[in-house]
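Student: Could you walk me through this structure and tell me what each term rests on?
Tutor: Sure, have a look at the sequence and the structure, and then ask away.

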Amino acid sequence: MSEPVISAKSLTKRFGAFTALNGIDLEVYKGEIHALLGDNGAGKSTLIKILSGVHQPTSGGLFVDGKPVLFQSPRDATNAGIGTVYQDLALNPLMSVTRNFFMGRELYTGVRPFGVLRMKEMDEITHAEMTKIGINVSDPAQAVGTMSGGQRQTLAIARAIYFGAKVLILDEPTSALGQKQQMEVLKTMMRVRAYGNIAIIFITHNEVHSKLVADRFTFLALGEVIGKGTKASLASEDIRHLMAGGVAMADLEHELAAI
Amino acid sequence: MSEVLTTAKTPALRTEASRLVQRGRLAKLIRSPEMGAFVVMMVVIIAIAIASKGNAFNPLGLKNNLSIIAQFGIIATGACLLMIAGEFDLSIGSMIGFAGMSMTLMLKWGLPFGLGPATPMSAFFITLIFTLAWGWLIGFIVVRSKLSSFIVTLSFLFFLRGLTEVCFRFINQSTQVSGLPNYKESDWFASMFGGESFHWFYNLWYTLGGNVNQLGNQWVTGFDARVVWWLVLSGIAYFVLMKTQVGSWIFATGDNRESARANGVPVDKVRISLFMLTAFCATIFAACQVFDTNTADAAKGNLKELEAIAIAVVGGTLMTGGFGSILGVMFGAITFGLVANAVFFIPAIDGSYYRVFVGVVLLVAVFLNESVRKRITGGI
Ligand SMILES: Nc1ncnc2c1ncn2[C@@H]1O[C@H](COP(=O)(O)OP(=O)(O)OP(=O)(O)O)[C@@H](O)[C@H]1O
Ligand SMILES: [Mg+2]
């Protein structure tokens with residue numbers, strides 16, 4: 001087994017007296033989709049916020065390609081190749097697909113910040129990258145606000161990859177979408193997986209989705225890892241059991257019947 | 001059953017891309033953000049031409065109209081860029097008063113700290129340093145405090161107006177300065193602001209047989225110099241906004257600031273720079289006024305901030321930021337300038353009509369803009 005692209009060792013995060021994460025170990029490998037599962041409040045978002053530089057850990061270490069790293073800001077994480085795609089953050093609805101794709105990293109000739117935009121070149125790259133990942137934007141000048149939720153998610157993913165992300169973090173990318181668009185995002189994830197050199201961390205509450213695409217699972221409950229393994233090593237029953245925070249389905253059924 | 005199958009098949013043949021109908025050039029033009037402003041402008045031009053029996057567009061009428069159009073245009077350009085970035089500046093009018101006070105007091109009483117008499121150039125540049133510093137401070141406070149720019153600049157509206165009056169009284173004993181030498185005759189720098197431009201235009205008009213006064217000589221010799229400032233400022237603003245990197249940043253800052261920041265757009269620098277730009281525009285406005293009339297008083301620029309915002313909105317700029325057009329602002333400035341000046345050409349009306357018009361047009365423009373935004377964002 002090769003070295004993990006990104007890993008966390010005994011990661012702890014406290015918000016004042018509250019321990020959100022307590023000694024988390026996580027290993028993510030390239031070319032794999034790693035599902036991060038757990039109940040509401042388990043600490044999934046807190047964990048990926050540490051991976052993407054938004055929060056700093058209280059203790060424990062982060063390693064990229066085996067080397068210890070310290071992210072002071074999201075910028076540091078981006079520079080280290082960690083691309084985070086949030087559902088709402090990071091797209092500008094009134095601006096064109098191309099301007100969104102290159103936002104903050106525009107191609108220009110001349111002196112920054114008054115350099116003249118190389119619009120034609122950026123349009124071509126945007127079109128090519130979007131097509132590669134499975135969306136044919138007929139007009140790169142189209143405003144992002146007119147795109148569907150799935151297309152926007154895909155745009156954000158294509159952008160992160162084009163600008164060198166080797167770890168892609170997707171926090172509930174399908175939660176606000178309709179059935180068909182959820183599938184679109186899952187397809188996008190599988191295409192990215194097929195590149196072979198990019199790792200994807202996928203947070204979801206949807207058991208079916210996680211089983212459809214994930215190669216490896218990590219389960220969190222109350223800020224601790226309660227189970228992990230590859231798809232092959234985990235039985236379907238285990239996954240359901242662990243997703244519910246370690247409570248057996250049979251118990252839940254009893255509880256429901258008792259009401 | 002077979003019917004169900006055929007209907008289920010159709011979606012597979014259609015792709016997302018095929019749902020976006022490619023529009024023709026004309027259709028695109030009609031849907032462009034400045035279209036509303038253009039139509040309003042054409043209606044106003046025709047109405048005023050008829051009501052004034054053509055006098056609004058005779059040589060002198062044209063000069064006077066363009067003079068006020070350029071005034072409006074200069075400050076509205078700055079206000080528009082700032083609004084696209086999602087902020088307001090209510091201090092523009094007071095900044096005009098402050099800049100006029102600063103320049104005329106220096107010209108009359110000499111440079112500060114006993115540095116000797118002022119020239120138009122030194123008075124202008126020292127004033128510009130002051131106003132840019134104010135603009136920077138306003139921007140810095142907005143960015144750091146995270147307060148709405150509406151409130152911060154409202155406080156500067158009062159503060160700068162009061163400061164202007166205090167300075168006038170303290171240094172000059174009176175809240176106005178008049179009787180300065182006619183600098184534009186002798187000083188090239190002053191004539192850049194207060195002098196005339198486009199002589200060739202009126203010369204050509206005279207050569208072609210028009211532009212003749214009652215004595216049979218050439219009537220009007222040129223437009224006010226501020227027309228050049230307006231055109232140059234608008235041209236640069238258009239280019240920067242549409243074609244350069246910083247233009248993309250201005251749109252991004254106003255559209256979704258947090259997303260722009262997350263993508264590495266320096267949103268704070270963009271906003272501070274634009275507050276300095278509106279201060280710059282106010283200073284140009286004041287310099288044109290001072291060197292044209294050789295006077296200043298404490299009330300100069302009153303209400304100009306609201307007119308600048310109104311023109312920007314009529315020109316298609318969204319109140320919520322992220323969207324706007326310099327071309328639209330030029331149309332808006334022409335509209336407002338013509339109507340503000342109409343009292344001089346149409347005997348039956350007075351200044352009240354101008355305000356009635358502004359009120360009505362503003363409301364209509366906001367409705368229009370809202371529909372534009374819905375069309376572009378698909379109703380989000
Ligand atoms: N900034 C913060 N300050 C204090 N407590 C926090 C903060 N952020 C998160 N928490 C707490 O940490 C716990 C874990 O939150 P987190 O958002 O990581 O959960 P999650 O697993 O992403 O849940 P969900 O599935 O609902 O998104 C929660 O109890 C939350 O209230
Ligand atoms: Mg979460």
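Tutor: Start with the open sheet of 4 strands in chain A, which has the order β2-β1-β4-β5 and antiparallel pairing. Keep in mind that this is a predicted model, where local features need pLDDT of at least 70 and side-chain atom pairs count only at pLDDT 80 or more, while totals for chains, interfaces and linings use all residues. Residues are numbered from 1 along each chain as its sequence is written, chains are lettered from A and ligands numbered from 1 in the order in which they are written, and side-chain values use heavy atoms, leaving out hydrogens and water.

Student: Why do β2 and β5 of chain A stand at the edges?
Tutor: Each of β2 and β5 (67-69) of chain A has a single partner strand, so one side of each is left without a neighbour in the sheet. Strands are DSSP runs of E with at least two residues, helices are runs of H or I with at least four, and both are numbered from the N terminus.

Student: How do you know that β1(A) and β4 of chain A pair?
Tutor: Two strands pair if DSSP finds at least two bridges between them. Here 5 bridges join β1(A) to β4 (residues 59-64) of chain A, and the two run antiparallel, so by that cut-off they pair. One of the bridge partners is A:Ser59 in β4(A), which faces A:Thr12 as its partner.

Student: And what makes β1(A) and β2(A) a pair?
Tutor: They share 7 bridges in the antiparallel sense, and A:Ser7 has A:Glu27 as its bridge partner in β2(A). Their hairpin has 2 residues between the strands, and A:Gly16 there takes a positive phi near 60°.

Student: What is unusual about the phi of A:Ser10?
Tutor: Its phi is near 40°, a positive value in a residue other than glycine. Most residues other than glycine have a negative phi, and most peptide bonds are trans. A:Ser10 lies in strand β1 (residues 6-15) of chain A. On the peptide-bond side, the one from A:Arg112 to A:Pro113 is cis, with omega near 0°, and A:Pro113 is found in the loop between β7 (108-109) and β8 (116-117) of chain A.

Student: Which strands does α1(A) lie across?
Tutor: α1(A) lies across β1, β2 and β4 of chain A, running at about 65° to β2(A). Contact here means heavy atoms within 4.5 Å; axes are lines fitted to C-alpha atoms, for helices over the stretch in contact, and angles run from 0 to 180 degrees between N-to-C directions.

Student: What is the strand order in the open sheet of 6 strands?
Tutor: In chain A the order is β6-β9-β10-β3-β11-β12, with mixed pairing. The edge strands are β6 (82-85) and β12 (224-230) of chain A, since each pairs on one side only.

Student: How many bridges join β9 to β10 of chain A?
Tutor: There are 5, joining β9 (residues 167-171) to β10 (residues 199-203) of chain A, and these strands run parallel. In β10(A), A:Phe202 is the bridge partner of A:Leu170. Helix α5 (residues 149-162) of chain A packs on this sheet, touching β6 and β9 of chain A, with its direction at about 160° to that of β9(A).

Student: What makes the contact of A:Ser45 with ligand 1 a polar one?
Tutor: A polar contact is a pair of N or O atoms within 3.5 Å; within protein, one must be able to donate a hydrogen and the other to accept it, and residues adjacent in sequence count only if both atoms are side-chain atoms. An N or O atom in the side chain of A:Ser45 is 2.7 Å from an oxygen atom of ligand 1, so the pair falls within the cut-off. A polar backbone atom of A:Gly43 is 2.9 Å from an oxygen atom of ligand 1.
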